[in-house]
Amino acid sequence: MQNLALPHVLFIPSWYPTSHNDLRGIFFQQEISALHEVGVHVGVIYPDLRRWRELNAGALKANHFQCTYEVERGIPTFRIHAWNPLGRRLRVWLWTRLASKLAQKYIAEFGKPDLIHAYSTLWAGIAAERISQAHHLPYILSEHSSSFARHIMATWERTMVKSSLRNASRITAVSSSLIKYLKPYVGNRPIHIIPNMVDTEFFTPPQSPNTRGFRFVSIAMLNANKGIDVLLRAFAMAFKGKNAVTLEIGGTGAELQPLKQLTRDLGIAPQVTFLGALNREQVREALWHANAFVLPSYVETFGIAIIEAMATGLPVIVTRCGGPEDFVTPEVGFLVPPGDVKTLAETLSTMVIRQSQFAHRAFKIRALIKQRFGKDVIVKQLLESYSTILGQGKLL
């Protein structure tokens, strides 16, 4: 096939890094940056709706429904800085209205793109459908949301989601498990897997692996879905009083204080360290200091934290919760049932026993991740999707 000009793509992410949360949706930003690096003309629009509980004088000054434009990592980015209205129906109405306004501003400045790429139906996909109709543009919808697996959408939401998915020129999902949950919404339409990308140039093996005892690490938003309470109970069952084995937990959230209390109740507080909110460099540092990564979630559509850990060479223990089942094999770690304290405790013990075996597999674990989720691999899959939508030949 002949090589053709790279497309002009306008991205609409459902969540995205902000000044008040620079890690939220960072994987979307990294993917768009990777496309920019190979010459794709990219742009981003994002309605930044903050929660009312974050309201204070400083936040109101920073978010007063103003529109801003900046070039972020080489990406032209338009934002509206606003506040979430009360009520979910009103929220989706406002989000899509603001996204449409941003699209008009973007087109006035940079011209009409060749296509729109929306990340997750709620609410970028809904907005993409409306912008597509207004400007006669095709759109690709990449689904990432766990809302489908968790069955938490209202009837009126499901109707909008179904319309957005069925009118997309192409639908992708990050895992085979997510496809299963999307099927009722799309009928006989095909859904293509394009997984998340990992930055293997950033997440690299440590210069000197930890050899002092054995350290587990878990990095997640601390909410009930992540199952960190299960991890703490399993850790206590396996290692209480064995001070050579420790656990670090990175992240923050509503469960932080209850989890800290649980470590005291279980008598493992001296062996468990809560690292708090971490930036990317701190995440990498925590991974470098560990011997294994653990994430006992109840639902994961993919598991970016898992592949970041594996990119540094760490073996993993995760649950059969969806996305991880696509790439976690006995060669790289263990899959356990969600919520099963006893099995997780036994598996944690097995990981310590097999420490030397997995340490020797570190570079193989990293190589497997790079082959499946490296930047070049994902960029190629995205370009193939764009060329299919636009009816072009090979884009690179």
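In this predicted model, the side chains of Arg-79 and Glu-72 meet in a salt bridge, with a distance of 2.9 Å from N to O. Side chains of opposite charge can pair when their charged atoms come close. Both partners of this pair are covered. Arg-79 is buried, because its relative accessible area is 7%, under the limit of 20% for a buried residue. Glu-72 has a relative accessibility of 16% and therefore also counts as buried.

The surroundings of this pair may be considered next. Arg-79 belongs to strand E4, which spans residues 75-83 and is mostly covered, nine of its nine residues being buried. Its side chains point in two directions: Ile-75, Thr-77, Arg-79, His-81 and Trp-83 point one way, whereas Pro-76, Phe-78, Ile-80 and Ala-82 point the other way. The residues of both groups are buried.

Strand E4 has a partner in strand E3, residues 66-72; the two run antiparallel and are joined by seven bridges. Within this pairing, Glu-72 stands opposite Ile-75 of E4. E3 and E4 form a hairpin with two residues between them. In the turn of that hairpin, Arg-73 has a positive phi of about 55°. E4 also pairs with E2, here in the parallel sense and over seven bridges. Pro-47 has Ile-80 as its bridge partner in E4.

These strands are part of an open sheet of eight strands, arranged in the order E3-E4-E2-E1-E5-E6-E7-E8 with mixed pairing. Which strands stand at the edges? They are E3 and strand E8 (192-193); each has a single partner strand, so one side of each is left without a neighbour in the sheet. For E8, the pairing is with strand E7 (residues 170-173), which runs parallel to E8 and is joined to it by two bridges. There, Thr-172 has His-192 as its bridge partner in E8.

The pair of Arg-79 and Glu-72 is one example among nine salt bridges counted in the model. Another joins the side chains of Glu-37 and Lys-375, at 3.2 Å from N to O. This pair links distant parts of the chain, since Glu-37 lies in helix H1 and Lys-375 in helix H15 (residues 375-390), 338 residues apart. Glu-37 counts as exposed because its relative accessibility is 54%. A further salt bridge is formed by Glu-248 and Arg-215, whose closest N and O atoms are 3.8 Å apart. Glu-248 lies in strand E10 and Arg-215 in strand E9, so this pair ties together parts that are 33 residues apart in sequence. Glu-248 is buried, with a relative accessible area of 13%, whereas Arg-215, at 23%, counts as partly exposed. Salt bridges that share partners also join Glu-37, Glu-201 and Lys-375 into one network.

Strands E9 and E10 also help to cover a helix. Helix H10 (residues 280-288) has as its buried residues Arg-280, Val-283, Arg-284, Ala-286 and Leu-287. Seen down the axis of H10, these residues fall within an arc of 160°, so they line one face of the helix. Their cover includes helix H1 (26-37), strand E9 (214-219), strand E10 (245-250), strand E11 (272-276), strand E12 (292-295) and helix H11 (304-311).

Finally, the surface may be examined. Trp-52, Leu-55, Leu-60 and Leu-86 make a nonpolar surface patch of about 440 Å². Of these residues, Leu-55 lies in the loop between strand E2 (41-50) and helix H2 (57-62). Its relative accessibility is 38%, so Leu-55 counts as partly exposed.

Definitions and conventions. Residues numbered from 1 in each chain as written. Predicted model: local features only at pLDDT ≥ 70, side-chain atom pairs only at ≥ 80, totals over all residues. Heavy atoms only, no water. Patch = residues over 30% accessible without salt bridge, like charges linked within 9 Å, V, L, I, M, F, W, Y side chains within 5 Å. Areas by Shrake-Rupley, 256 points an atom, 1.4 Å probe, with all protein chains shown as cover. Salt bridge = Lys/Arg side-chain N within 4 Å of Asp/Glu carboxyl O. Helix = DSSP H or I, 4+ residues; strand = E, 2+ residues; numbered from the N terminus. Buried < 20%, exposed > 50% of the residue type's maximum accessible area, 1.4 Å probe, protein only. Pairing = 2+ DSSP bridges. Arc of directions from axis to C-beta. Contact = heavy atoms within 4.5 Å.
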